[in-house]
Structures are given as C-alpha cells and as structure tokens.
Amino acid sequence: QTVLSAYPNPSPSGLFNVDLGSYLKGGAELTVIDALGRQVQARTLSATAIGSKNINLDLSREKAGVYTLQIRTDEGIATQKLVVN
C-alpha cells in the first residue's frame with residue numbers, strides 16, 4: 001500500500017501525478033472507480049511506464065467527488081483515494 005501515492009490530492013483540476021514507488025515490477029492494471037462503484041477509467045501499464053515510476057492521471061472530465069485508484073499487479077492490489085474538487 002505504501003507503494004502508491006497521488007498528488008495533488010485533492011486536485012482542483014482533476015489532474016494527478018501518480019507515484020508508483022520502486023516496488024512495482026512488470027506490467028500492471030490501473031483502474032479508477034467513482035463513488036457509485038462505476039469504472040471511469042482503466043488502462044494497462046507497461047513495464048516501461050512502471051519503470052518511469054510516475055504516470056499522469058487525467059480525471060478533469062469527471063465530476064467533483066471521491067474516486068478510488070487501484071493498481072493491480074501479480075503481487076496484489078494497491079488503492080488510493082483521489083478527491084477532485
């Protein structure tokens with residue numbers, strides 16, 4: 001769980017910089033879920049993206065509210081709450 005952090009959080013613009021930490025290896029699945037449990041974004045992160053340790057996440061088209069970011073790997077799932085103001 002300490003692997004994942006997103007900033008700025010809360011975000012007034014809906015743009016987040018996600019720090020994947022140094023523990024993730026190989027590919028991963030990124031999913032963003034809204035407060036009602038609907039998936040609003042999903043993508044596969046390649047080993048190259050994970051190697052860079054940072055990705056940009058754009059939720060600017062989503063309504064203000066609380067979202068859950070999930071990163072799923074072979075080792076498990078890391079989650080982070082995201083707030084869009």
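A residue counts as buried when its relative accessible area is under 20%. Keep that cut-off in mind for these exercises on a predicted model.

**Exercise 1: a glycine in a loop**

Work out where Gly 14 is placed, whether Gly 14 is buried or exposed, and which residues Gly 14 touches.

Solution.
- Step 1: Find the place. Gly 14 belongs to the loop between S1 and S2.
- Step 2: Apply the cut-off. Gly 14 has 0% relative accessibility, so Gly 14 counts as buried.
- Step 3: Look for the neighbours. Leaving aside residues up to four places away in sequence, Gly 14 touches Leu 57, Asp 58, Leu 59, Ser 60 and Val 84.
- Step 4: Check a pair far apart along the chain. Asn 85 is 71 residues away from Gly 14 in sequence, yet their C-alpha atoms are separated by 7.4 Å.

**Exercise 2: two prolines in that loop**

Find which peptide bonds at Pro 8 and Pro 10 are cis or trans.

Solution.
- Step 1: Locate the prolines. Pro 8 lies in the loop between S1 and S2, and Pro 10 is found in the loop between S1 and S2 too.
- Step 2: Read the bond before Pro 8. Going from Tyr 7 to Pro 8, the peptide bond is cis, and its omega is near -10 degrees.
- Step 3: Read the bond before Pro 10. Asn 9 and Pro 10 are joined by a cis peptide bond with omega of about 15 degrees.

**Exercise 3: the sheet of three strands**

Give the strand order of the three-stranded sheet and explain why S1 and S5 each have a side without a neighbour.

Solution.
- Step 1: Write down the order. The open sheet runs S1-S2-S5, and its pairing is antiparallel.
- Step 2: Look at the edges. S1 (5-7) and S5 (54-58) each have a single partner strand, so one side of each is left without a neighbour in the sheet.
- Step 3: Add the angle. On average, neighbouring strands here are turned by 30 degrees against each other, direction ignored.
- Step 4: Zoom in on one pair. S2 (residues 15-19) pairs with S5 over five bridges in the antiparallel sense, and Leu 15 stands opposite Asp 58 in S5.

**Exercise 4: the sheet of four strands**

Describe the four-stranded sheet and name its edge strands.

Solution.
- Step 1: Trace the order. This open sheet is arranged S4-S3-S6-S7 with antiparallel pairing.
- Step 2: Pick out the edges. S4 (39-45) and S7 (76-84) are the edge strands, and each pairs on one side only.
- Step 3: Add the angle. Neighbouring strands of this sheet are turned by 15 degrees against each other on average, direction ignored.
- Step 4: Follow one pair. S6 (residues 65-73) and S7 run antiparallel and are joined by nine bridges; Arg 72 has Ile 77 in S7 as its bridge partner.

Notes
Residues numbered from 1 in each chain as written. Predicted model: local features only at pLDDT ≥ 70, side-chain atom pairs only at ≥ 80, totals over all residues. Heavy atoms only, no water. Pairing = 2+ DSSP bridges. Helix = DSSP H or I, 4+ residues; strand = E, 2+ residues; numbered from the N terminus. Axes fitted to C-alpha atoms, helices over the stretch in contact; angles between N-to-C directions. Buried < 20%, exposed > 50% of the residue type's maximum accessible area, 1.4 Å probe, protein only. Contact = heavy atoms within 4.5 Å.
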